[in-house]
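Please find below a short note for a colleague who has not yet looked at this structure. The points are numbered and can be taken in order.

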Amino acid sequence: MSILHTDAVDHILSSTVPNDDTILAEMEERADRDGFPTIGHEVGSFLRLCARLTGARSVFEFGSGYGYSAYWVAPALGDDGQIVLTEVDREELELAREYFERGGYADRAVFEAGDALDVIDRYDGPFDLVLVDHENHRYVDGFEAVREKIAPGGVVVADNVLNSGTEMTPRDLDAYLTGDASADAGSTLEGVTEYYERVRDDPEFETTVVPVGEGLFASVRTS
């Protein structure tokens, strides 16, 4: 359960999420077994909704692991859609490829091994949906690299922005933003705050906070 809402809200959110995909279930079992962090059902469902609302045909991910978040989005893209997965760990990327092949979505996925900030330079866009989910201190770099490649009406979603284990909580972020606290060594607060202020103040994007999972910033390109 997310610490960002109540047990009742968690139950309602869970009841709206499709749970009949055996590949997703297998990926979640692997994550539980290996202690691998994933975005979870709430964020996965939200990303799929973003893809449907934007009519997404082109998606880019900064950090894909073994494809869990991308797999949530894939069904919403249609046969002519494309999602670019990026991952520095080649073994994880090959796992993502296997899951996509077994799920029937490999034809709409591109698997890029390497640093997402290097990979994005090879793509012109435009992208309808972008997930920023690599290292927090590089979130701003990711946004700057993809900003001009976002289609009007497209969405940039940044994950893990309100809660990060023992390093950061919503209260910590609020205190840091108001100048009432400083960041501890190793905290993700500085990177998250820098990203939030960057997208909040961008005149071509409108940003809101979505309190699901570990917290999201969703930024829509308005012009």
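1. Does Ile150 count as buried or exposed? Ile150 counts as buried, because its relative accessibility is 3% and the cut-off for buried is under 20%. The model is a predicted one, and the values here are computed from it. Ile150 is found in strand β5, which covers residues 150–159. Its C-alpha atom is separated by 9.1 Å from that of Val220, although the two residues are 70 residues apart along the chain.

2. Helix α3 covers residues 40–54 and has 15 residues. At 1.5 Å a residue it should span 21 Å, and its end C-alpha atoms are 21 Å apart, so the expected and computed spans agree. The buried residues of α3 include Val43, Phe46, Leu47, Cys50 and Ala51. Charged residues are also on that list, among them Glu42 and Arg48. Just after α3, Gly55 takes a positive phi of about 60°.

3. Side chains of opposite charge can pair when their charged atoms come close. A search of the whole structure finds 17 salt bridges. One of them joins Glu26 and Arg102, with the closest N and O atoms 2.7 Å apart. This pair links distant parts of the chain: Glu26 lies in helix α2 (residues 22–34) and Arg102 in helix α5 (residues 90–103), 76 residues apart. Glu26 counts as partly exposed, because its relative accessibility is 29%.

4. Another salt bridge lies within helix α5, where Glu94 and Arg97 are three residues apart, about one turn of the helix. The closest N and O atoms of Glu94 and Arg97 are 3.4 Å apart. Glu94 is partly exposed, with a relative accessible area of 37%. Arg97 is also partly exposed, at 28% relative accessibility.

5. Arg138 forms a salt bridge with Glu135, and here the closest N and O atoms are 2.9 Å apart. The partners fall into separate classes: Arg138 counts as buried at 19% relative accessibility, whereas Glu135 is partly exposed at 40%. Elsewhere, salt bridges that share partners join Glu144, Arg147, Glu148, Arg198, Asp202, Glu204 and Arg221 into one network.

6. A negative surface patch is formed by Asp141, Glu190, Glu194 and Glu197. Helix α9 (residues 189–200) gives the most to this patch, with three residues. Glu197 has its place in helix α9. Glu197 counts as partly exposed, because its relative accessibility is 32%.

Key. Residues numbered from 1 in each chain as written. Predicted model: local features only at pLDDT ≥ 70, side-chain atom pairs only at ≥ 80, totals over all residues. Heavy atoms only, no water. Patch = residues over 30% accessible without salt bridge, like charges linked within 9 Å, V, L, I, M, F, W, Y side chains within 5 Å. Areas by Shrake-Rupley, 256 points an atom, 1.4 Å probe, with all protein chains shown as cover. Salt bridge = Lys/Arg side-chain N within 4 Å of Asp/Glu carboxyl O. Charge placed at Lys NZ, Arg CZ, Asp CG, Glu CD. Helix = DSSP H or I, 4+ residues; strand = E, 2+ residues; numbered from the N terminus. Buried < 20%, exposed > 50% of the residue type's maximum accessible area, 1.4 Å probe, protein only. Expected span 1.5 Å × (residues − 1).
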